[in-house]
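This report goes through one protein model, from its overall make-up to selected side-chain pairs and one helix packing. The sequence and the coordinates are shown first, and the text follows them.

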Amino acid sequence: MEPSLQDVGLAVKRLQWRHHRDANRQLATLGVSLVQWDVLRHLDAEPQASLHRLAVLTFQTDQSMGELARRMIERELLERVEGPGRAVRHRLTAAGEQVRAAGGALLDEVLEESFGGLSDRDRATLHRLLLRALEPGPPST
């Protein structure tokens with residue numbers, strides 16, 4: 001019997017929940033949450049990202065991202081820098097870069113448990129299918 005759309009959706013949700021739970025547990029050893037590490041990761045990838053862009057990338061509201069950035073500045077993981085015009089940007093501190101790198105290694109361990117048994121080809125196929133599922137528009141038949 002083929003899985004229903006709900007079965008597929010539930011499997012994706014369960015896998016995501018397991019990743020979040022395990023990632024938060026592992027990242028706690030570094031003193032950060034998954035959301036905080038995700039900010040570090042995205043800021044490393046997009047150094048010119050605005051707070052709004054970081055909020056979008058990390059599934060936060062602008063208000064919650066602003067508060068999160070403030071707390072991360074207090075912990076010396078981020079620092080404010082002048083941006084174009086009145087814009088304020090943020091960048092990783094040396095401590096933030098260390099946590100980002102160490103957290104990346106921990107996340108790889110978490111994801112290895114789920115995807116390590118898949119071949120490179122299967123992982124590429126899964127990635128392609130997930131990206132296709134994220135595309136807007138009606139499903140193809």
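Of the 141 residues in the protein chain, 26% count as buried, and it should be kept in mind throughout that the model is a predicted one. The chain holds six helices and two strands, and these elements follow one another from the N terminus in the order α-α-α-α-β-β-α-α. Taken along the principal axes, the C-alpha atoms fill a box of roughly 55 × 35 × 25 Å. Where contacts between residues at least 6 apart in sequence are considered, 50% of them join residues at least 24 apart.

**Salt bridges**

The count of salt bridges comes to 11, and three of the pairs are set out in the table below.

| Pair | N to O distance | Location |
|---|---|---|
| Asp44 and Arg100 | 3.6 Å | helix 2 and helix 5 |
| Arg91 and Glu79 | 2.6 Å | strand 2 and strand 1 |
| Arg100 and Glu97 | 2.6 Å | both in helix 5 |

The side chains of Asp44 and Arg100 form a salt bridge with an N to O distance of 3.6 Å. Asp44 belongs to helix 2 and Arg100 to helix 5 (residues 94–115), so this pair ties together parts that lie 56 residues apart in sequence. With a relative accessibility of 37%, Asp44 counts as partly exposed, because that class covers the values between 20% and 50%.

Arg91 and Glu79 meet through their side chains in a salt bridge of 2.6 Å, N to O. This pair links distant parts of the chain, since Arg91 sits in strand 2 (residues 88–92) and Glu79 in strand 1 (residues 78–82), 12 residues apart. Both partners are partly exposed, Arg91 with a relative accessible area of 44% and Glu79 with one of 31%.

Arg100 also meets Glu97 in a salt bridge, again through the side chains and at 2.6 Å, N to O. Here both residues lie in helix 5, three residues apart, which is about one turn of the helix. Glu97 is partly exposed, its relative accessible area being 28%. Elsewhere, Glu67, Arg70, Arg71 and Glu74 are joined into one network by salt bridges that share partners.

**The surroundings of His42**

Is His42, a residue with 14% relative accessibility, buried or exposed? His42 counts as buried, because its 14% relative accessibility falls under the 20% cut-off. The residue is placed in helix 2 (residues 34–45), and its side chain is joined to that of Arg41 by a polar contact of 3.3 Å. If residues up to four places away in sequence are not counted, His42 touches Leu54, Leu57 and Thr58.

**Packing of helix 1 and helix 5**

Two packed helices are described by the angle between their axes and by the distance between those axes. Helix 1 (residues 5–27) packs against helix 5 at an angle of about 145°, with the axes 10 Å apart, and the crossing of the two helices is right-handed. On the side of helix 1, the residues that take part are Leu15, Arg18, His19, Asp22, Ala23, Gln26 and Leu27. They meet Gly103, Leu106, Leu107, Glu109, Val110, Leu111, Glu113, Ser114 and Phe115 in helix 5. Sorted by class, the contact of helix 1 with helix 5 is made up of eight nonpolar, four polar and four charged residues.

Notes
Residues are numbered from 1 along each chain as its sequence is written. This is a predicted model: local features need pLDDT of at least 70, side-chain atom pairs count only at pLDDT 80 or more; totals for chains, interfaces and linings use all residues. Side-chain values use heavy atoms; hydrogens and water are left out. Helices (H or I, at least four residues) and strands (E, at least two) are DSSP runs, numbered from the N terminus. Buried means under 20% relative accessible area, exposed over 50%, partly exposed in between (1.4 Å probe, protein chains only). A polar contact is a pair of N or O atoms within 3.5 Å; within protein, one must be able to donate a hydrogen and the other to accept it, and residues adjacent in sequence count only if both atoms are side-chain atoms. Contact means heavy atoms within 4.5 Å. A salt bridge is a side-chain nitrogen of Lys or Arg within 4 Å of a carboxyl oxygen of Asp or Glu. Axes are lines fitted to C-alpha atoms, for helices over the stretch in contact, and angles run from 0 to 180 degrees between N-to-C directions. A crossing is left-handed if the near helix is turned anticlockwise from the far one by less than a right angle, and right-handed if clockwise. Ala, Val, Leu, Ile, Met, Phe, Trp, Tyr, Cys and Pro count as nonpolar, Asp, Glu, Lys and Arg as charged, and the others, Gly among them, as polar.
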